[in-house]
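I opened my notebook to get to know a new structure. Here is what I looked up, entry by entry.

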There are 2 protein chains.
Amino acid sequence: MDDLTLWLEGDRVLTLDQTLLPFQQTVIELTCWQDCARAIATMQVRGAPLIGVVAAYGVALGLRERLEPVAIASIAQALINTRPTAVNLRWAVDRVLGEVQKWPEAQRPEAAWQAACQIRDEDIACNAAIGRHGAQLWAPLLERANLAGRPLQVLTHCNAGALATVALGTALAPIYQLHQAGQPLHVWVDETRPRNQGASLTAWELQRAGVAHTVVADNAGGLLMMQGQVDVVIVGCDRVTANGDVVNKVGTYLKALAARAHGVPFHVACPTSTIDSHTATGLDVEIESRDPEELLFMHGSDGSGILRRVRVVSPGSMALNPAFDITPAGLVDALITEHGVR
Amino acid sequence: MDDLTLWLEGDRVLTLDQTLLPFQQTVIELTCWQDCARAIATMQVRGAPLIGVVAAYGVALGLRERLEPVAIASIAQALINTRPTAVNLRWAVDRVLGEVQKWPEAQRPEAAWQAACQIRDEDIACNAAIGRHGAQLWAPLLERANLAGRPLQVLTHCNAGALATVALGTALAPIYQLHQAGQPLHVWVDETRPRNQGASLTAWELQRAGVAHTVVADNAGGLLMMQGQVDVVIVGCDRVTANGDVVNKVGTYLKALAARAHGVPFHVACPTSTIDSHTATGLDVEIESRDPEELLFMHGSDGSGILRRVRVVSPGSMALNPAFDITPAGLVDALITEHGVR
């Protein structure tokens, strides 16, 4: 899986429009800071690490147009405001601004560009390290599966893959690592209602990478584990609190409970920047409720390839749409970061 | 909730086409045994108790056309073959045939009709009894909720409501009972992927009955229980094995695990005919895998009210679609039947 989700051609920043995936693969070019802001706000790019990198290039592109500190501060704030809850976004913008301060005005555009490129490169290296640590952690599981003459069976929820980062992903990094090493594995992909990131994004990128996978309803994981069809569960996460609780896409917790009930290891992969030592426990995190329309309506491709939006919930009934849930630290068997397993 | 899902006008058998719900409310008339067979096969009617009643009327309608035992046996078999795994279906057909044997040929059509009507009436009475027993069981929960100044919060999965039976339903019967008694309650309705019976059928019938409810993704239940927003979980079931394991719509097990983790009572409602004393445990039940297309595609209503089918899973990726899962007896706090709670 050598594909990049964001890449440069000369000094052009290119990425995929993820709102059109998996049905249309459209490359978009980010030519100015407004393009970057729009791509984040409309979720053409998503995934905390990827958003951070796009915002970093946004600041750099802004500096090509304007050099006055007031203008740059205003551009930075506009970028941060696109997804105000994304921790990586603010972190990346601040880091580029900090780098810029060190240079005289004429050199600032280039300094910002280099800082953005460095954030991008660090993301790739971080995920590669997560992949190595995860693959090592799974070696005994893989051996057991091999002895039984079957592939390693991994279940994942949502998309913490290459599309959420610049490359490789977090939760999917060990999978890509083992796949490239020729190890037989098969991934159960949770559909991940209501935004279907599993069915649309994870399935799409696993297929491109040639990794065997099967999409299942979010409801199916308990049965699969009861039937002995899952060797390990791995997910990414949005925040790890000081006590080790994991805040991740809603539904993660149900899989963690089932994994524990059946002795299936439950692993979480993330960069250390996701660890929030200022928040004591998961219960201290405010869980964002997103627009109920995400549940009431569904997007898909009709027979003639046209993308359509259809209502799936009984008209007149309302919905509640919490985006995340909390998996207590006690249910997490391993946290895999770029620095190793803990 | 006095609505009937199946009713008579003179000797005409009427029901709703459930494949068009919740977007279109279309009454269909079953005028011959072939109509009954087609309605079951195409899932215009679904839910084990309702299927049984429709099949019973199917035999009765067949006897209006043909009286030769060979012809009747062939009609009975054709009805049974429409959904071969539905236990109630065979039971209802056999019961009508048994009644018919007791009468001379000329009186058989009327005897069959009366037997079908009796099965229908028994279903209504059975569900009313389940409703009474369930409401009694929930009295302490209701009192506690009332003391806290909030409605009783019930979570349900799939549709075990009036639409799965002739009236009232099984899991929803205690809810309707309490609602009619003026007790404040609110129902969390699991969407129930992949066939969306919660979002389409349960939401529709609760709304008609004026019961407060909110649709949630199947993924949300763990968080809701962690937040103390669920007082009791109730589901119907397809089979209870001799040891008390519950085979029900896939996803039920994950809710039972979460309920146990948070001390939320987990209740199962069904007629005693659902108890299968010939099968030792849930693991002895073969779990039906349904067509993956149920997961790959989604039906809904577009902006102009046209029903459309759209693909939601990445093209080229496959899906596995197990229809049921197994909840171990140890996680079931109460089994509510027409005879009481056990």
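**Entry 1: a valine to begin with**

Is B:Val215 buried or exposed? I began by noting that this is a predicted model. I found B:Val215 in strand S6 of chain B, which covers residues 212–216. B:Val215 is buried, with a relative accessible area of 0%.

Next I looked up what surrounds B:Val215. Leaving aside neighbours within four places in sequence, its contacts in chain B are B:Val189, B:Glu191, B:Ala199 and B:Ala203. Chain A adds A:Leu295, A:Val313, A:Ser317, A:Met318, A:Ala319 and A:Leu320 to the contacts of B:Val215. I also checked the spacing to one of these residues: B:Ala199 is 16 residues from B:Val215 in sequence, and their C-alpha atoms are 6.2 Å apart.

**Entry 2: where the chains meet**

Those contacts with chain A made me turn to the interface. I read that 62 residues of chain B are in contact with 62 residues of chain A. Between them the two chains bury about 4600 Å², and 66% of that is on carbon and sulfur atoms.

How many salt bridges cross the interface of chain B and chain A? The rule finds 2 of them. B:Glu191, already on my list as a contact of B:Val215, forms a salt bridge with A:Arg193, with the closest N and O atoms 2.4 Å apart. I also noted 20 residue pairs in polar contact between chain B and chain A, counting pairs with both residues at pLDDT 80 or more.

Then I asked which elements of chain B supply the side that touches chain A. Helix H8 (197–209), S6, helix H9 (221–226) and helix H10 (252–261) are among those that each supply at least two residues. The strands S12 (297–301), S13 (307–311) and S14 (324–327) of chain B are also among them. The largest share, 6 residues, comes from H10(B).

**Entry 3: how the copies are related**

I superposed chain B on chain A: a rotation of 180° with 0.0 Å of shift along its axis does it, with an RMSD of 0.0 Å. The two copies are thus related as by a two-fold rotation axis. I saw that 100% of the contact residues of chain B recur in chain A, so the same surface serves both copies.

Which residue of chain B comes closest to the rotation axis? I found B:Leu254, with its C-alpha at 3.0 Å.

**Entry 4: salt bridges within the chains**

Over all chains, I noted 38 salt bridges. I picked out a few to look at.

In chain A, the side chains of A:Asp231 and A:Arg150 meet in a salt bridge, 2.9 Å from N to O. A:Asp231 lies in the loop between helix H9 (221–226) and strand S7 (232–235), and A:Arg150 in the loop between helix H6 (139–147) and strand S4 (152–156), so the pair ties together parts that are 81 residues apart in sequence. A:Asp231 counts as buried at 5% relative accessibility, whereas A:Arg150 is partly exposed at 29%.

In chain B, I looked at B:Asp35 and B:Arg38, whose closest N and O atoms are 3.2 Å apart in a salt bridge. Both lie in helix H1 (residues 33–41) of chain B, 3 residues apart, which is about one turn of the helix. B:Asp35 is buried at 14%, while B:Arg38 is partly exposed at 47%.

B:Asp276 and B:Arg239 form another salt bridge, with the closest N and O atoms 2.7 Å apart. This pair links distant parts of the chain, 37 residues apart: B:Asp276 is in strand S11 (residues 275–276) and B:Arg239 in strand S8 (residues 239–241). B:Asp276 is buried at 14%, and B:Arg239 is partly exposed at 26%.

I also found a network: salt bridges that share partners join A:Arg195, A:Glu288, A:Arg290 and A:Glu294.

**Entry 5: strands of chain A**

I finished with strand S2 (residues 12–16) of chain A. Of its 5 residues 4 are buried, so S2(A) is largely enclosed by the rest of the structure.

Which way do its partners run? Strand S1 (residues 6–9) of chain A pairs with S2(A) in the antiparallel sense over 4 bridges, and A:Glu9 stands opposite A:Arg12. Their hairpin has 2 residues between the strands, and A:Gly10 there takes a positive phi near 65°. Strand S3 (residues 27–30) of chain A also runs antiparallel to S2(A), joined by 4 bridges. Here A:Leu16 stands opposite A:Val27.

Methods: Residues numbered from 1 in each chain as written. Chains lettered and ligands numbered in written order. Predicted model: local features only at pLDDT ≥ 70, side-chain atom pairs only at ≥ 80, totals over all residues. Heavy atoms only, no water. Salt bridge = Lys/Arg side-chain N within 4 Å of Asp/Glu carboxyl O. Buried < 20%, exposed > 50% of the residue type's maximum accessible area, 1.4 Å probe, protein only. Least-squares fit on C-alpha atoms with pLDDT ≥ 70 in both. Contact = heavy atoms within 4.5 Å. Pairing = 2+ DSSP bridges. Buried area = accessible area lost by both parts, 1.4 Å probe. Polar contact = N/O pair within 3.5 Å; in protein donor to acceptor, adjacent residues only side chain to side chain.
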